[in-house]
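Dear colleague,

I am passing on the structure below, together with some notes on what was found in it. Please look through it before reading on.

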Amino acid sequence: MDMVKAAKELLLQDRVDIFLGYRKLDGHQIPHGFTKAHVDDLDQLEISLNRYPLEKIACDLAQKDPTLKIGILARDCSQRALNLLYTWDQLNPENIETLTVNCCPSSLSTHGDCSYLKPKTTGEYKKAHGIDYNDSPKDFMAEHDSQDRLSRWMYEFQKCIKCYGCRNICPVCFCKECSLEHPNLVEPGVLPPEVPIFHLIRATHMAGRCIDCGLCEDACPAHIPLRMLYREVNDAVFDIFGYVPGDHIEKSPFSIIGKTVELTPAPMDV
Ligand code: SF4
Ligand code: SF4
Ligand code: SF4
């Protein structure tokens, strides 16, 4: 169905209160919330795939009004992000309607190395073959031993200017208080941020969470291959738990984090 028509129907039939998409302003594609009151604005809907994560805006809106029904223009990685956000109780799937679009050819040419398009490799495969990025232009990790790879990562991390762009654009970085700004973990006013702690904090948080959209790497002004780093931790999660973040709406092996666990002490023998 025509995307504009479908989005208008969602609003006119009151199935959503707001539809998140993109429109052009002064020649730039920007995220926009379309509403029933201005439904004809949807004639300006842009579907040529701006990469700003609309699901991040949906989370902000849902925090302010948990009953809000939200429509979203969603390509494949947005749908994975939504699944992950449902898993972590950040969005209620009953309040979300998606209109799906496939990645456009220009997007695929830049991001065609999406790990979700390839079969997963197991720990045994990795033990035999090393890191499996041979078909990626960024395959320096595949060709070197662990000491060289460590040196290369330390070199990459030294380039960081602590702009927080990677975290700010990430659709699955939803914490209200971020460890990367905790002064006991990351010393304020120091550049580059302590190597490798800053990056290892984020990498461990992305284990079981990163849906490999690549937005952090696109945003990084220092061109650090962040996507490769987070694939590493997620491959370890897959090897141990068989879990692929965002693939389905399913319980995460890490979902105990942040939940209150009530412990009842066992009766003592006297
Ligand atoms: S690729 Fe980067 S931006 Fe995308 S989910 Fe993973 S960490 Fe977040
Ligand atoms: S997941 Fe980690 S890096 Fe992302 S917002 Fe939460 S604390 Fe910050
Ligand atoms: S976007 Fe790049 S430079 Fe900025 S904090 Fe993240 S890793 Fe560092």
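**A salt bridge, a pocket and three ligands**

In this predicted model, R15 forms a salt bridge with E97, with 3.6 Å between the closest N and O atoms. R15 lies in the loop between α1 (3–12) and β1 (18–25) and E97 in strand β5 (residues 96–100), so the pair ties together parts that are 82 residues apart in sequence. Helices (H or I, at least four residues) and strands (E, at least two) are DSSP runs, numbered from the N terminus. A salt bridge here is a side-chain nitrogen of Lys or Arg within 4 Å of a carboxyl oxygen of Asp or Glu, and by this rule the count comes to 10.

The model is predicted, and local features need pLDDT of at least 70, side-chain atom pairs count only at pLDDT 80 or more, while totals for chains, interfaces and linings use all residues. Residues are numbered from 1 along each chain as its sequence is written, chains are lettered from A and ligands numbered from 1 in the order in which they are written, and side-chain values use heavy atoms, with hydrogens and water left out.

The second largest pocket (on a 1 Å grid over the protein atoms alone, an open set of points where a 1.4 Å probe fits, with protein on both sides within 12 Å along at least five of seven lines) holds about 340 Å³ of space, a volume being the space filled by probe spheres set on the points, which are joined across faces, edges and corners. Its lining (residues with an atom within 4 Å of a point) has 22 residues, of which K56, R167, C173, F174 and C175 lie nearest the centre. Domain 1 (3–106) and domain 2 (113–241), with bounds from an automatic or database domain assignment, both give residues to this lining, so the pocket lies between them.

The space taken by ligand 2 is this second largest pocket, in the sense that more than half of the ligand's atoms lie within 2 Å of its grid points. Around ligand 2 (one heavy atom of the residue within 4 Å) are R167, C173, C175, C178, S179, L180, H205, M206 and R209.

Around ligand 3 there are 13 residues, of which C160, C163, Y164, C166 and C220 come nearest, and α7 and α8 each supply at least two residues of that shell. The residues around ligand 1 include C170, P171, R202, M206 and Y230.

With best wishes
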